[in-house]
Amino acid sequence: MKRIDERVNERRTVAQKTISSVNPATGETLAEIPISSPQEVRRTVARARAAFGPWAARSFRERGGIVLRARQYIIDHLDEIVSVIYRETGKPKTEALAADVMPVLDLMTYYARMTEKWLRPERIHLGKYALMGRSSYVAYKPLGVIGIISPWNFPFTIPMGEIVMALMAGNTVVLKPSEYTPLTGLAIGEIFTRAGLPEGALNVVPGDGTTGAALCEAGVNKILFTGSVATGRQVMMAAARHLTPVVLELGGKDPMIVCRDADIDVAASAAVWGAFSNAGQICASVERCYVDEAIAEEFIARVVEKTRQLSQGTPERLDTDIGALTNERQLRIVEEQVREAVARGATVLCGGRRHRQLNGLYFQPTVLIGVDHTFSIMREETFGPVLPIMTFKTEEEAIRLANDTPYGLTASVWTRDIRRGKKLAAQLEAGTVMINECAYTHALPQTPWGGVKQSGIGRTHSRWGLNELVTIEHIHVNRWTGVKDFWWFGYSQQLYHLLVEIAGKLTSPSWLDKLKALPALLRGRRLKKY
Ligand code: NDP
């Protein structure tokens with residue numbers, strides 16, 4: 001069968017405005033993809049809305065069956081799917097499999113199984129009102145059409161996780177993939193079509209920023225946006241016009257704190273992997289490292305030694321540790337941040353520039369010292385393989401430095417003393433704090449993902465992420481069908497005195513006091529009501 005880029009190129013008509021899918025490791029144009037116009041986006045949302053009712057009516061079992069068939073399709077076409085991802089992003093083939101595809105396989109199994117349990121109607125305990133024949137429960141209902149706008153750094157795992165959860169909850173979806181990774185977005189659509197998902201339940205609208213903006217205006221029921229703070233702000237402003245709720249998964253400047261009792265070798269390996277995997281293009285990558293000055297010399301030496309051992313090269317080579325960056329724009333930002341740091345006195349211990357021998361968008365893995373919080377490399381997001389390291393004298397100082405940022409996505413603490421780790425974690429301002437781990441918990445479908453401060457609003461993944469994809473309907477039942485409530489009309493002096501009598505007792509935390517209100521309540525049943 002032909003590859004997805006070949007099929008897309010064949011379907012294109014000359015007149016359409018297009019975006020190019022380019023392999024950043026080689027500069028080769030893989031495909032020209034037509035941009036979805038605002039009219040097409042609106043039509044697509046209408047199609048998704050038409051598909052919503054029948055899809056929501058299906059049982060969890062049926063929906064889970066389709067998700068598991070899609071999972072099997074991915075397994076059966078693993079190499080083809082991995083190839084689309086690595087050719088569009090420039091990441092090593094191994095990372096495309098390990099970090100983009102495998103977490104999705106896990107997540108699909110998990111939500112196909114768990115969604116029904118979490119979205120079962122839930123009883124609410126009413127306390128004293130239960131004695132009056134009342135009961136309440138909440139039913140979880142899908143929202144409708146979910147608009148998903150996703151970035152290019154994990155073009156498979158980020159939208160797939162959200163799509164699977166949205167579909168399992170009974171919603172239909174319109175996905176706008178990044179303009180840098182449209183083929184991966186189209187491949188996602190194809191996977192579900194092949195798995196037998198009904199037409200209209202998942203729709204992919206490739207395009208550029210205008211397509212994303214059009215989706216925000218097209219009347220979807222919720223927007224799940226992953227991307228930069230600047231675009232997130234625009235999305236929220238557009239959403240506010242329609243009162244569309246949003247989940248925003250935005251940038252990070254994630255700190256790593258290495259305590260003096262940490263295993264130095266393990267922490268150094270973690271810093272190198274956490275900072276340089278996916279060529280540093282991870283919202284949760286180790287962006288800033290703070291090491292206790294008592295172990296700083298040895299730690300930094302090991303970080304540099306390990307960084308020098310990394311092999312940077314073409315993504316399809318299976319021994320490549322670091323591939324290319326995905327786009328020139330990010331590469332220029334990285335270059336500028338490193339240039340500014342060096343100009344202001346930072347020391348480059350290794351790397352520091354574009355790779356000379358490789359032709360694509362390659363930046364060498366770079367370790368910097370001699371930086372402080374006035375440098376942009378310590379304040380602004382760096383989507384590239386750069387690790388700036390500072391030292392600290394006390395844990396209070398480490399916490400102060402780690403929290404000195406407008407971001408709050410993830411943070412990590414490295415120590416052999418788990419109690420110390422938890423104590424520090426409690427003081428860190430982040431959506432996720434890892435103790436002796438870094439960067440990877442997005443791959444755990446069980447745990448919530450999301451940020452505080454400017455790193456975002458809301459959560460994806462886990463049951464809390466699932467809650468973002470449903471609305472709750474409260475059902476309240478009164479089994480005393482023949483009795484008028486004493487608070488209904490027919491107000492009188494007697495009613496007022498009765499209310500005075502029970503006000504304190506009925507609302508007391510003590511059950512004994514509540515019982516003392518009972519005689520008055522029974523008297524209240526005799527009051528005249530209209
Ligand atoms: P952008 O904010 O540039 O783009 C994100 C998505 O929004 C893309 O699909 C983009 O389309 C689209 N878009 C652009 N303009 C608009 C608009 N006006 N309205 C609606 N959508 C629009 O981010 P990047 O793609 O460059 O991704 C990198 C950023 O994503 C980093 O800041 C990173 O930290 C963050 N990120 C956060 C994660 C998290 O979980 N918190 C995970 C991964 C990344 P197009 O590409 O076609 O312009």
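In this predicted model, the charged end of Arg63 sits over the ring of Phe60, at 4.8 Å from the centre of that ring. A second arginine is placed over an aromatic face as well, for Arg525 lies over Trp480, with 5.8 Å to the ring centre.

From charges over rings we can turn to rings that pair with each other, of which the structure holds 7 aromatic pairs. One of them joins Tyr110 and Trp118, whose ring centres are 5.7 Å apart and whose planes meet at 65 degrees, and because planes over 60 degrees apart count as edge-to-face, the pair is described in that way. Tyr110 has a relative accessibility of 11% and therefore counts as buried, the cut-off being under 20%, while Trp118 is likewise buried, with a relative accessible area of 11%. Ring pairs also bring in Tyr111, so that Tyr110, Tyr111 and Trp118 are linked into a cluster.

Another edge-to-face pair is formed by Trp152 and Phe383, with 5.5 Å from centre to centre and 90 degrees between the planes. Trp152 is found in the loop between β5 (145-149) and α6 (157-168), whereas Phe383 belongs to the loop between α13 (376-379) and β14 (386-392), and so their pairing ties together parts that are 231 residues apart in sequence. Both partners are shielded in the sense of the accessibility values: Trp152 is buried at a relative accessible area of 7%, and Phe383 is buried at 10%.

Note on methods. Residues are numbered from 1 along each chain as its sequence is written. This is a predicted model: local features need pLDDT of at least 70, side-chain atom pairs count only at pLDDT 80 or more; totals for chains, interfaces and linings use all residues. Side-chain values use heavy atoms; hydrogens and water are left out. Rings of Phe, Tyr and Trp (its six-membered ring) pair if their centres lie within 6.5 Å; planes under 30 degrees apart count as stacked, over 60 as edge-to-face and the rest as tilted. Buried means under 20% relative accessible area, exposed over 50%, partly exposed in between (1.4 Å probe, protein chains only). Helices (H or I, at least four residues) and strands (E, at least two) are DSSP runs, numbered from the N terminus. A charge sits over a ring if NZ of Lys or CZ of Arg is within 6 Å of the ring centre and within 35 degrees of the ring normal.
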